[in-house]
Amino acid sequence: MKVEIDLRMATGDGANSYATNSRLQKKAILETKPVLQEAIEELYMSLASRSTMICADLGCSSGPNTLLFVSEVMSAIRNYACDQEMDNRHAVEVQFFLNDLPGNDFNLVFRSLEQLQKYQNHIVGKENPVAPPYYVAGLPGSFYTRLFPGQSVHFFHSSYCLMWRSKVPEDLSSGTYLNDGNIYIGKTTPPIVVKLLQEQFKQDFELFLMLRYTELVCGGRMVLTFLSRKSDEMLMHGDVGRMWELLAEALQSLVQKGIVEKEKLRSFNLPFYAPSVNEVKALIKGQGMFNIEHIRLFESSWDPHDDSDAEAVLDCDQSGESIAKSIRAVIEPLIMDHFGGSIIDDLFLEYASIVANHLKKGKAKYPVVVVSLKKAIH
Ligand SMILES: C[S@@+](CC[C@H](N)C(=O)[O-])C[C@H]1O[C@@H](n2cnc3c(N)ncnc32)[C@H](O)[C@@H]1O
């Protein structure tokens, strides 16, 4: 597997696309809105008149969430300028870069920009606040490489992306160590495999911080939101580890039915790692390139359509189906590349039923970490 080529969300805007099935990720953007607002206000205030504020969304994907990021930043600026009674003399312009891997459906993003423009015009027309002009460009490439000139960016945002690794650790992809029918960390995963994935996260995250540090202007900010773990323990009821363990169970059941070859499953591992908050803090502090302005863990139901606080699941079968759809939109291209497209419908039918069964024990929630960082002065 070559992550830079193979990792992409389901393209287009059809029934199984990421664009249609990304309500879970949208909830995270809305949950972290106050953190984004605070960072944007501080940056906007610090800009000189007639300057350009450069903002980049790393791992933008395609669909409504891509546009939501742009409108959240613009509305934070408008509201702030309005509250401060700033007038057009401040005259800041905003340049957005929407980044993702080259396989991302950038065409869908570009086609939907007109819709965004209409929406922005409508808002501005209605409230008549100060509305800085903004420009949007697509930027293909891995965020584990340099993407911008040194000291050129004011604000980096990334939501639901940094749990993806730059690669499956070599000793795992080469078969030196095996993961015993798991696709991520499961109950039977050997400790050495856990260590390899942990190490890969450390390497990737430190590289990411170093690259962004170089690209940010003095005083530059980042808001990063990604899947996490509630404790330093590896597997808990609602954690993302359990969710992948259930997908591995669905694959194992297709092996038993003779639909998937055992060898194919043995050689499939996700380029993924969800760190605990302590791991995240330790790496940021250890590297010393950023000050942590804010860090918080929140939880989000596995079911993208469940907004209730109740601990019980009302309809396990329906929730199982919604969860299977949301995971399918994220993982379908990776699964197809490795196992072939013919297993997809069977796999996610099986998965929905395994998840429904799991939910009988109670609601499952993903832990999500949001961290707001400011470039440190040395
Ligand atoms: C679950 S989607 C989240 C998309 C969007 N931010 C949202 O909140 O809906 C994760 C995105 O991260 C992108 N991604 C993963 N690794 C990446 C990398 N190394 N460089 C750029 N994008 C990456 C994937 O291609 C995918 O579009």
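Which residues is I331 in contact with, leaving aside its neighbours within four places in sequence? In the predicted model analysed here, the answer comprises W164, W244, L247, L270 and F348. I331 also belongs to the largest nonpolar core, a set of 123 residues in which W244, F272, I331, Y351 and Y366 touch the most other members. Helix 11, spanning residues 316-339, supplies the largest share of this core, with 10 residues. In soluble globular proteins, nonpolar side chains tend to be buried together. Two of the core residues that touch the most other members, W244 and F272, recur in an aromatic cluster that they form with W164 and Y184.

Aromatic pairing was examined next. A total of 18 aromatic pairs was counted. In one of them, the ring centres of F143 and F208 are separated by 5.6 Å and the ring planes stand at 85°, so the arrangement is edge-to-face. F143 is located in the loop between strand 3 (134-140) and strand 4 (153-159), whereas F208 is part of helix 7, so this pair ties together parts that lie 65 residues apart in sequence. Both partners fall under the 20% limit for burial: F143 has a relative accessibility of 10% and therefore counts as buried, and F208, at 0%, is likewise buried. A second pair, F201 and F205, has ring centres 5.3 Å apart and planes at 20°, so these rings are stacked. Here the two residues both lie in helix 7, with a separation of 4 residues, about one turn of the helix. F201 and F205 are both buried.

The surroundings of the ligand were then considered. Twenty residues lie around the ligand, and Y18, G59, N65, D100 and F143 come nearest among these 20. F143 thus takes part both in the ligand surroundings and in the edge-to-face pair with F208. Polar side-chain atoms approach the ligand at several points. For Y18, such an atom lies 2.5 Å from a ligand oxygen atom, and for D100 the corresponding distance to an oxygen atom of the ligand is 2.6 Å. S142 places a polar side-chain atom 3.0 Å from a nitrogen atom of the ligand. On its own, the ligand has 600 Å² of accessible area, of which the protein covers 98%.

Two polar residues were examined individually. N182 is situated in the loop between helix 6 (170-173) and helix 7 (191-215). With a relative accessible area of 6%, N182 is buried, because the limit for this class is 20%. The N182 side chain makes a polar contact of 2.9 Å with the side chain of T188. Beyond its neighbours within four places in sequence, N182 is in contact with K187, T188, T189, E245, A248, F268 and N269.

K374, by contrast in its accessibility class, is partly exposed at 23%. This residue is placed in strand 7, residues 365-375. Its side chain is joined to that of E42 by a polar contact of 3.1 Å. E42 is also among the residues with which K374 is in contact outside its neighbours within four places in sequence, the others being G219, G220, R221, M289, F290, N291 and E293. The C-alpha atoms of K374 and E215 are 13 Å apart in space, while the two residues are 159 residues apart in sequence.

Key: Residues numbered from 1 in each chain as written. Predicted model: local features only at pLDDT ≥ 70, side-chain atom pairs only at ≥ 80, totals over all residues. Heavy atoms only, no water. Core = buried A, V, L, I, M, F, W, Y, C linked by side-chain atoms within 4.5 Å. Buried < 20%, exposed > 50% of the residue type's maximum accessible area, 1.4 Å probe, protein only. Contact = heavy atoms within 4.5 Å. Near = heavy atom within 4 Å. Polar contact = N/O pair within 3.5 Å; in protein donor to acceptor, adjacent residues only side chain to side chain. Areas by Shrake-Rupley, 256 points an atom, 1.4 Å probe, with all protein chains shown as cover. Phe/Tyr/Trp six-rings, centres within 6.5 Å; stacked < 30°, edge-to-face > 60°.
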